[in-house]
Amino acid sequence: QTIWKPIAQNLRKILTTRELKKYYQDTFYPVNNLLLIGLGSKLRAKDIPELASCEGIVYTIRDLDTDWTRGVINIPKEILKKGKLTTKSSVEEVKENQIVKKWFKKELLKCKKDLSSLEVKLAKANESLTTRFCTGLTSPLYKLSKQYLSD
């Protein structure tokens, strides 16, 4: 029972933009570090923060229906407030809200730029195996970004 209590306490919790960025780091840095260590890379997640931030935003958009329904709110407090939304708003209201749509678009455009920067960093690191694996992670992010931007 105590294992589930902290998780339940976080349901429907709204984070600020800064807190959400930290949440993405806390979520994706450990996994990305394990990947990099396993590849024998000299890079670590902190060296390529673009990967975690883009994973966070793209997966936020991709998983919005499921996450919102489960009580996982990955849209910043400032955006929800500006859009006059609350944790009790339906996922349909969230998805149709112009403020949220604008925020998604802005974040996805930033991701596209960040993923380009990431490619440059990987090329400079001169680690072909790391580059191939990271490209395997970023290709779907590019694809999903493009898909969501065209919607």
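Trainee: Quick one to start. Does Cys 134 count as buried or exposed?

Mentor: Cys 134 counts as buried, at 0% relative accessibility. Keep in mind that this is a predicted model.

Trainee: And how far is the sulfur of Cys 134 from the closest cysteine sulfur?

Mentor: 12 Å, and the partner is Cys 54. That is too far for a bond.

Trainee: What about Cys 111? Which cysteine has the closest sulfur there?

Mentor: Cys 54 again, with its sulfur 3.2 Å from that of Cys 111. There is no bond because a disulfide needs the two sulfurs within 2.5 Å. Cys 111 is buried too, at 3% relative accessibility.

Trainee: So how many disulfides does a search of the whole structure find?

Mentor: The count is 0.

Trainee: Switching to H7. How many residues, and what span?

Mentor: H7 covers residues 98-125, which is 28 residues. From first C-alpha to last it reaches 40 Å, close to the 40 Å expected at 1.5 Å a residue.

Trainee: Which residues of H7 are buried?

Mentor: Among them are Trp 103, Phe 104, Glu 107, Leu 108, Cys 111, Asp 114, Leu 115 and Leu 118. Note that Glu 107 and Asp 114 are on that list.

Trainee: Why would residues three or four places apart point the same way?

Mentor: An α-helix has 3.6 residues a turn, so that spacing brings side chains round to the same direction.

Trainee: What do the buried residues of H7 pack against?

Mentor: Helices H2 (17-38), H3 (49-62), H4 (64-70), H5 (77-82), H6 (91-96) and H8 (128-150).

Trainee: And the two ends of H7? What happens at the start?

Mentor: A side-chain oxygen of Asn 97 comes to within 2.9 Å of the backbone nitrogen of Ile 99. Just after H7, Asn 126 takes a positive phi of about 55 degrees.

Trainee: Back to H3. What does Ile 61 touch?

Mentor: Ile 61 lies in helix H3. Leaving out residues up to four places away in sequence, Ile 61 touches Phe 104, Leu 108 and Tyr 148. Ile 61 and Phe 104 are 43 residues apart in sequence, yet their C-alpha atoms are 7.4 Å apart. Ile 61 is buried, with a relative accessible area of 12%.

Trainee: Last one. Where is Tyr 23 found?

Mentor: In helix H2. Tyr 23 is partly exposed because its relative accessible area, 34%, sits between the 20% and 50% cut-offs. Not counting residues up to four places away in sequence, Tyr 23 touches Leu 15 and Asn 74.

Trainee: How far apart are the C-alpha atoms of Tyr 23 and Trp 68?

Mentor: 16 Å, with their positions 45 residues apart along the chain.

Note on methods. Residues numbered from 1 in each chain as written. Predicted model: local features only at pLDDT ≥ 70, side-chain atom pairs only at ≥ 80, totals over all residues. Heavy atoms only, no water. Helix = DSSP H or I, 4+ residues; strand = E, 2+ residues; numbered from the N terminus. Expected span 1.5 Å × (residues − 1). Buried < 20%, exposed > 50% of the residue type's maximum accessible area, 1.4 Å probe, protein only. Contact = heavy atoms within 4.5 Å. Polar contact = N/O pair within 3.5 Å; in protein donor to acceptor, adjacent residues only side chain to side chain.
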